[in-house]
Amino acid sequence: MGTIIHDQYPLLLRGLLTTLLLTVIGFVGALVLGTLLAICRVSPVRPLQVVAGIYVEFFRNIPLLSLVILITFGLPEVGAVMPLFWCGALSLVLSGAAFVCETVRSGINTVSIGQSEAARALGMGFATQLRYIVLPQALRTMVQPMVNVFIGTLLGSSLCAVAGVADLTNVTQQLNIQYAAAVGLFLLSGVAYLVLSLGAGAVGGRLEQRFRSTAPVREIPLAGTEMA
């Protein structure tokens, strides 16, 4: 096993870096899209609520593996050709956004409705309330759930191997075909995923403590000076 690692170290490292890149792109994309969806779900505009709700119910209940296969092999059928890496990244974004949306929405719901009513009495619009009143407070309750979404994205990225993305799992499969050392190779990749997940959890724990110990202080604009 040591010989395999020594000889194939560059390939394993490239696979690990691809996994990390997939995870970061998938999570950041899901964070942006999911936050927008959450804002739609809590907005007073009914059509936006319906569209965001349909999105969440659809992508939260479709297996990520099925989504990866549909995007990878379905897009070319309609004339949209993408590199395999970006097919996998898009799958992670679309799936993760549904979970981010519910996380953000749950965080927003923890903020007292009385604060929003007071903000409206001061003449604040919906966007200003979110920016200065709701989201800063909700953020403190969303750290750990967001870390869980990140870890889910990290572990889910391994499913991109079925589409041919050269991530850590795919590299491990290829090396197993070459060396027939499934136990050692997959144990090695499993340890790598474990270390990354535990590291993300530790960072999330530190961030959660920091957010809980320091209340956000923001300057609130006066009525008539609403910011977009």
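**An all-helical chain and its salt-bridge network**

Buried residues account for 39% of the 228 residues in the protein chain. The structure is a predicted model, and its secondary structure is quickly told: the protein chain has nine helices and zero strands. Followed along the sequence, the pattern of the protein chain reads α-α-α-α-α-α-α-α-α. Along the principal axes, the C-alpha atoms occupy a box of roughly 70 × 45 × 25 Å.

Contacts and surface come next. When contacts between residues at least 6 apart in sequence are considered, 79% of them join residues at least 24 apart. The protein chain exposes about 12300 Å², and 69% of this area comes from carbon and sulfur atoms. As for charge, there are 12 positive and 9 negative side chains in the protein chain. The centres of these two sets lie 8 Å apart.

Some of these charged side chains pair up, and the count of salt bridges comes to four. A good place to start is the pair formed by R41 and E102, whose side chains meet in a salt bridge with an N to O distance of 2.7 Å. R41 belongs to helix α2 (residues 9–42) and E102 to helix α5 (residues 84–109), so this salt bridge ties together parts of the chain that are 61 residues apart in sequence. How buried or exposed are the two partners? R41 has a relative accessibility of 22% and therefore counts as partly exposed. E102, at 13% relative accessibility, counts as buried, the cut-off for buried being under 20%.

E102 also forms a salt bridge with R60, and here the closest N and O atoms are 3.7 Å apart. This pair likewise links distant parts of the chain, with R60 in helix α3 (residues 46–60) and E102 in helix α5, 42 residues apart. R60 is partly exposed, its relative accessible area being 32%.

A further partner of E102 is R105, with 2.9 Å between the closest N and O atoms of this salt bridge. In this case both residues sit in helix α5; they are three residues apart, so about one helical turn separates R105 from E102. R105 has 25% relative accessibility and counts as partly exposed. Which residues are joined into one network by salt bridges that share partners? The network consists of R41, E57, R60, E102 and R105.

A nonpolar feature can be found on the surface as well. Y9, L13, L17 and L20 form a nonpolar patch there, and together these four residues have about 360 Å² of accessible area. One of them, L20, is placed in helix α2, the helix that also holds R41 of the salt-bridge network. With a relative accessible area of 33%, L20 is partly exposed.

Terms used: Residues are numbered from 1 along each chain as its sequence is written. This is a predicted model: local features need pLDDT of at least 70, side-chain atom pairs count only at pLDDT 80 or more; totals for chains, interfaces and linings use all residues. Side-chain values use heavy atoms; hydrogens and water are left out. Helices (H or I, at least four residues) and strands (E, at least two) are DSSP runs, numbered from the N terminus. Buried means under 20% relative accessible area, exposed over 50%, partly exposed in between (1.4 Å probe, protein chains only). Contact means heavy atoms within 4.5 Å. Accessible areas come from the Shrake-Rupley method with a 1.4 Å probe; for residues, only the protein chains shown count as cover. Lys and Arg count as positive and Asp and Glu as negative; His and the chain ends are not counted. The place of a charge is taken as NZ of Lys, CZ of Arg, CG of Asp or CD of Glu. Patches are made of residues with over 30% relative accessible area and no salt bridge: like charges are joined within 9 Å, nonpolar side chains (Val, Leu, Ile, Met, Phe, Trp, Tyr) within 5 Å.
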